[in-house]
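Here's a quick briefing to read with the model open beside you. Take it topic by topic and find each residue as you go.

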Amino acid sequence: MMNLPHHVLLLTLLLDGGTPPASSGTAARDGGSVVSPPVVTNADGGTAARAPLVAEGIEWPDELRPLATLDGPAVLAAHAALQRLLAGFPKEYAKDCSYTAKAMEVSVAQHGGMYFVEIKRNVAKCGWAAPGFNPSAHWYELYAVSADGKVLARYPYHP
């Protein structure tokens with residue numbers, strides 16, 4: 001019969017959660033430690049978002065999603081081909097977004113120790129054209145470029 005009160009006490013503690021609810025005040029009523037508010041306030045239990053890092057007038061992102069990963073020579077090849085293309089446009093087109101780097105899409109491939117750079121125009125990036133609109137559907141430029149960024153040749157195609 002002496003074991004019954006322990007079972008009753010244990011059962012009583014299990015049914016009501018085992019502890020009294022925490023007080024909302026700053027002083028503990030029972031002389032124990034003060035209950036601090038939870039650090040994480042997100043509903044999903046994750047960590048709280050940190051304040052954005054702003055340095056030199058730039059808000060720096062927490063994570064970057066790269067467009068592509070290119071080795072250094074591929075970047076040099078793309079730059080050289082794009083510079084060659086832009087230099088070939090008439091000077092009066094310089095203020096038209098359709099003939100600037102903003103409207104160009106560059107793809108780089110490597111074959112036989114050379115880089116092949118294809119440049120297509122996407123005027124939708126200029127903001128005035130609907131997505132998918134292309135005033136000259138077959139317009140592209142293709143260049144063979146060395147690993148040190150020298151344009152070796154332009155593909156013999158004239159749109």
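**A serine in a loop**

Let's start with Ser146, which sits in the loop between β5 (140-145) and β6 (151-154). Keep in mind that you're looking at a predicted model. From this loop we'll move to the sheet, then to the helix lying across the sheet, and finally to some aromatic rings.

- Is Ser146 buried or exposed? Its relative accessible area is 14%, and the cut-off for buried is under 20%, so Ser146 counts as buried.
- What does Ser146 touch, once you leave aside its neighbours within four places in sequence? Its contacts are Ala77, Tyr115 and Leu152.
- The two strands on either side of this loop, β5 and β6, make a hairpin with 5 residues between them. Look in the turn for Gly149, which has a positive phi of about 90°.

**The sheet**

- Follow the order β3-β4-β5-β6 and you've walked across an open sheet of 4 strands, with antiparallel pairing.
- β3 (104-111) and β6 are the edge strands: each has a single partner strand, so one side of each has no neighbour in the sheet.
- Going from one strand to the next, the twist averages 25°.
- What holds strands together in general? Strands of a sheet pair through backbone hydrogen bonds, and they can do that either parallel or antiparallel.
- β4 and β5 run antiparallel and are joined by 6 bridges. To find this pairing on screen, look for Glu118, whose bridge partner in β5 is Leu142.
- β5 and β6 also pair in the antiparallel sense, over 3 bridges. Here you can look for Ala144, whose bridge partner in β6 is Ala153.

**The helix across the sheet**

- Helix α2 (residues 72-88) lies across β3, β4 (114-121), β5 and β6, and runs at about 45° to β4.
- Does the length of α2 work out as expected, or not? With 17 residues at 1.5 Å a residue, α2 should span 24 Å, and its end C-alpha atoms are 25 Å apart, which agrees.
- Which residues of α2 are buried? They are Ala74, Ala77, Ala78, Ala80, Ala81, Leu82 and Leu85.
- Here's a handy rule for reading a list like that: an α-helix has 3.6 residues a turn, so residues three or four places apart point the same way.
- The cover over the buried residues of α2 includes β3, β4, β5 and β6.
- You've already met one of those buried residues: Ala77 is also a contact of Ser146.

**The aromatic rings**

- How many aromatic pairs turn up in a search of the whole structure? There are 2.
- One is Phe89 with Tyr99: the ring centres are 5.0 Å apart and the planes meet at 80°, so this pair is edge-to-face. Phe89 and Tyr99 each lie in the loop between α2 and β3, so their pairing ties together parts that are 10 residues apart in sequence.
- Another is Tyr93 with Tyr99, with ring centres 4.6 Å apart and planes at 35°, so this pair is tilted.
- Put these together and Phe89, Tyr93 and Tyr99 form one aromatic cluster.
- Phe89 is buried at 15% relative accessibility, whereas Tyr99 is partly exposed at 24% and Tyr93 is partly exposed at 33%.
- Finally, look for Arg121, which lies over the face of Tyr99 at 4.8 Å from the ring centre. Arg121 also lies over the face of Trp139, at 5.4 Å from that ring's centre.

Note on methods:
Residues numbered from 1 in each chain as written. Predicted model: local features only at pLDDT ≥ 70, side-chain atom pairs only at ≥ 80, totals over all residues. Heavy atoms only, no water. Buried < 20%, exposed > 50% of the residue type's maximum accessible area, 1.4 Å probe, protein only. Contact = heavy atoms within 4.5 Å. Pairing = 2+ DSSP bridges. Axes fitted to C-alpha atoms, helices over the stretch in contact; angles between N-to-C directions. Phe/Tyr/Trp six-rings, centres within 6.5 Å; stacked < 30°, edge-to-face > 60°. Lys NZ or Arg CZ within 6 Å of the ring centre and 35° of its normal. Expected span 1.5 Å × (residues − 1).
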